[in-house]
Amino acid sequence: MSADLRLYNSLTRTVEAFQPREAKRVGMYSCGPTVYNHAHIGNFRSFLYGDLLRRTLRHFGFSVTSVMNFTDVDDKTIRGSRAAGEGLRAFTDRHITEFRRDMEILNITPHDEQPRATDHIPEMVALIGKLIGKGLAYVSGNGADSGSVYFRVAALPDYGKLSHLDKEGLKPGARVAQDEYEKETLGDFALWKAWTEDDGDVAWESPWGKGRPGWHIECSAMAMRYLGEELDLHCGGIDLLFPHHENEIAQSEGATGRPFARCWGHSAHLLVDSQKMSKSLGNLFTVRDVEAKGFTGRQLRYVLVKTHYRQSLNFTWAELEAASTALTRVDNWIVRWKAESPERFMVTHPDGKAFLDAFSAALADDLNISGALGHLFDFIRETNNLMDQKKPLPDLPAIWEKIDAVLGLGILKTEIPPEIAALGEERLAARAAKDWKKSDAVRDELARLGWSVRDSAKGQELVKK
Ligand SMILES: [Zn+2]
């Protein structure tokens, strides 16, 4: 690939050349879901950002080892399992199955490892022990949380380097009355939580007594277990940057004395109708909700991927309809070139190389996906023209294979003949230009050929009469 991949690094707050420790190998960790409910489309925006990033890394020739965890023990999973009257394992199993289904529907590439926190308690206990040994953590001696272990933030001078935190508020002088907790300072966070009645039968033995790990230590332990002490890339949604990722850095670097992750990537928020998603506003949607409205995972994937990951994304149903139209355009184009005979395709066609270079250059610029898609739609228009004029074509099957490895849109299994697809495309173009006379004429032509056109929430559909 001609262009070098450049990515925004939250740690340095600049777009920089992406350089893993070994030239072409990437160890990448993404924070996964807490498995206590259906993940919503905002969560999936972040997981799809990770997917696009992995696919792009592979497009640029990197071999990627990708790890994403399941948080299957924390306050929410324990509360949920008790409310459902189920054991923690059975309860989280159900949500993991549901999550894997959604991943498949959205065509998210499976991760190489998807560890569960509860399968790695010994690693977490060992890591906490190491931090206590170094004076970076302490056991709470009395109070309601006796037997809990906290990270001593004041002992790590560069704490806050990822979030560029103003540490004044965390200093011992700022200590506020804490009736129940025996933390030394406000910013100290739990590595191990002593068992309380609310935990029911969820508990593991440790040198500090019965309890369970804190959320942050889960990720540090699992990331290092599968990827070693230094990661090339760590990503997640922007809401995880502080305190979660800051604390992962503190625990990991505190224990190893080495830089934890070279590059940190964060995706921006998803809004629904310009508002923050929330249960009370009734605008919190899951993949199943989107399917229930008649849309496909492929259409949802397109909507969630097509906005640059560092821009907040405003989800609307109209956006999904627009996505359907864009995908129909892609599908019609594919149907047409699939019907071309193989000798029409020229591997050396200059338009093919120019397009691939432009597509790659856009992605190389911190995953400029809107630029990459813009090039694709230009290319579709140009090659549709070449097909109209019966001129030689770039090697479209090979080009599509390359770019769809990044986009993950797949090919719609459709039985529409190419000349019908071409007319469908003509009608879409006429409608885009508000040329209603032309669009009606094309509809009549399609009807004469035995095809009807339906404009639905799913976009333009061609149906054989
Ligand atoms: Zn995490």
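Of the 465 residues in the chain, buried residues make up 52%, in what is a predicted model. The secondary structure of this chain comes to 14 helices and 17 strands, and the C-alpha trace spans about 85 × 50 × 35 Å along its principal axes. When contacts between residues at least 6 apart in sequence are considered, 75% of them join residues that are at least 24 apart.

One strand in which burial can be followed residue by residue is β9, which covers residues 231-237. Seven of its seven residues are buried, so strand β9 is largely enclosed by the rest of the structure. The pairing of β9 with β3 is in the parallel sense and extends over three bridges, and within this pairing Ser30 has Cys235 of β9 as its bridge partner. Strand β9 is also joined to β10, which comprises residues 261-267, by six bridges, and these two strands likewise run parallel. In this second pairing, Leu233 stands opposite Cys263 of β10.

A separate set of strands is arranged in an antiparallel manner. Four strands form an open sheet, in which the order is β5-β6-β7-β8 and the pairing is antiparallel. Strands β5 (137-139) and β8 (211-213) stand at the edges of this sheet, and because each has a single partner strand, one side of each is left without a neighbour in the sheet. On average, and with direction ignored, neighbouring strands of the sheet are turned by 20° against each other. Within the sheet, strand β6 (residues 149-151) and strand β7 (residues 189-194) run antiparallel and are joined by three bridges, and the bridge partner of Phe151 in β7 is Phe189.

The model also contains a zinc ion, whose protein donors are Cys31 through SG, Cys219 through SG, His244 through NE2 and Glu248 through OE, at 2.0 to 2.7 Å from the ion. Along the chain, these donors follow the spacing C-x187-C-x24-H-x3-E. Distant parts of the chain are linked by the pair Cys31 and Glu248, which are 217 residues apart, with Cys31 placed in the loop between β3 (25-30) and α1 (41-59) and Glu248 in helix α6 (residues 241-256). The angles subtended by the four donor atoms around the zinc ion range from 73 to 131°. A tetrahedral assignment would require all angles to lie between 85 and 135 degrees, and the arrangement is irregular because the angles run from 73 to 131°. Both members of the Cys31 and Glu248 pair are buried: Cys31 has a relative accessible area of 5%, whereas Glu248 has a relative accessibility of 0%.

A further buried residue is found in a loop. Arg344 lies between α9 (317-338) and β14 (345-346), and its relative accessibility of 18% is the reason that Arg344 counts as buried, since the term applies to values under 20%. The side chain of Arg344 makes a polar contact, at 2.5 Å, with the side chain of Glu340. If the neighbours of Arg344 within four places in sequence are left aside, Arg344 is in contact with Leu386, Lys390, Lys391, Pro392 and Leu393.

Notes:
Residues numbered from 1 in each chain as written. Predicted model: local features only at pLDDT ≥ 70, side-chain atom pairs only at ≥ 80, totals over all residues. Heavy atoms only, no water. Buried < 20%, exposed > 50% of the residue type's maximum accessible area, 1.4 Å probe, protein only. Polar contact = N/O pair within 3.5 Å; in protein donor to acceptor, adjacent residues only side chain to side chain. Contact = heavy atoms within 4.5 Å. Donors = N, O, S within 2.8 Å, 3.2 Å for Na, K, Ca; no water. Tetrahedral: all angles 85-135°; square planar, octahedral: opposite > 155°, others 65-115°. Pairing = 2+ DSSP bridges. Axes fitted to C-alpha atoms, helices over the stretch in contact; angles between N-to-C directions.
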